[in-house]
Amino acid sequence: MVTPHGLRSPFRLVSLQDGVYDITNFVENHPGGAEKIMMAAGTSIEPFWAMYQQHNTEQVRKILAEFKIGEVAKADRKAAAPVADPYA
């Protein structure tokens, strides 16, 4: 399981499916802004990607692949919980 990180933590981890990604060096470059990507810090980005379809492109997946650092332990794998749309 990805350990949640507060804004003061030096590392920003997220998961997608079974992969774990260290997005620390990408946070400030996120096109939607650091505040938006930090909403997913420490959690699965699947609900956010379902909500914001612009993430579902080969180009975005290639960018994310550069930050992969491992896999979620089999014992910790579970379906991502839905996230409420902050703009609704």
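Which residue forms a salt bridge with Glu71? Select Lys68 to find out: Lys68 is the partner, and the closest N and O atoms of the pair are 2.5 Å apart. Keep in mind as you look around that this is a predicted model.

**Stop 1: the charged pairs**

Stay with this pair for a moment and show the surface. Lys68 is partly exposed, at a relative accessible area of 40%, and Glu71 is partly exposed too, at 46%. In general, side chains of opposite charge can pair when their charged atoms come close.

A search of the whole structure turns up two salt bridges, so there is another to visit. Select Lys62 and Glu58, whose side chains meet in a salt bridge with an N to O distance of 3.3 Å. Both residues sit in helix α3, four residues apart, which is about one turn of the helix. Lys62 and Glu58 are both exposed.

**Stop 2: the nonpolar core**

Now select Tyr21, Ile23, Ile45 and Leu64. These are the residues with the most contacts inside the largest nonpolar core, which has 15 residues in total. Colour β1 (13-16) and α2 as well, since each of them supplies at least two residues of this core.

Next, centre the view on Tyr21. Setting aside neighbours within four places in sequence, Tyr21 touches a run from Arg12 through Leu13, Val14 and Ser15 to Leu16, and also Leu64, Ala65, Phe67, Lys68 and Ile69. You have met Lys68 already, as the salt-bridge partner of Glu71.

**Stop 3: the largest pocket**

Where should you look for the centre of the largest pocket? Select Phe26, His30, Ile37, Trp49 and His55, the lining residues that lie nearest to that centre. The full lining has 23 residues, and the pocket holds about 570 Å³ of space. Three elements give two or more residues to this lining: α1 (34-37), α2 (46-51) and α3 (58-65). The largest share, four residues, comes from α3, the helix that also carries Lys62 and Glu58.

Try colouring the lining by residue type. You should find 17 nonpolar residues, five polar ones and one charged.

**Stop 4: a residue with an unusual phi**

Finish at Gln17, in the loop between β1 and β2 (19-22). Is Gln17 buried or exposed? With a relative accessibility of 56%, Gln17 counts as exposed. Then check the backbone: Gln17 has a positive phi of about 55°, although it is not a glycine. For comparison, most residues other than glycine have a negative phi.

Conventions
Residues numbered from 1 in each chain as written. Predicted model: local features only at pLDDT ≥ 70, side-chain atom pairs only at ≥ 80, totals over all residues. Heavy atoms only, no water. 1 Å grid on protein atoms, 1.4 Å probe; cavity = no way out; pocket = protein on both sides within 12 Å on 5 of 7 lines; lining within 4 Å. Points joined across faces, edges and corners; volume = space filled by probe spheres on them. Nonpolar A, V, L, I, M, F, W, Y, C, P; charged D, E, K, R; others polar. Salt bridge = Lys/Arg side-chain N within 4 Å of Asp/Glu carboxyl O. Buried < 20%, exposed > 50% of the residue type's maximum accessible area, 1.4 Å probe, protein only. Core = buried A, V, L, I, M, F, W, Y, C linked by side-chain atoms within 4.5 Å. Contact = heavy atoms within 4.5 Å.
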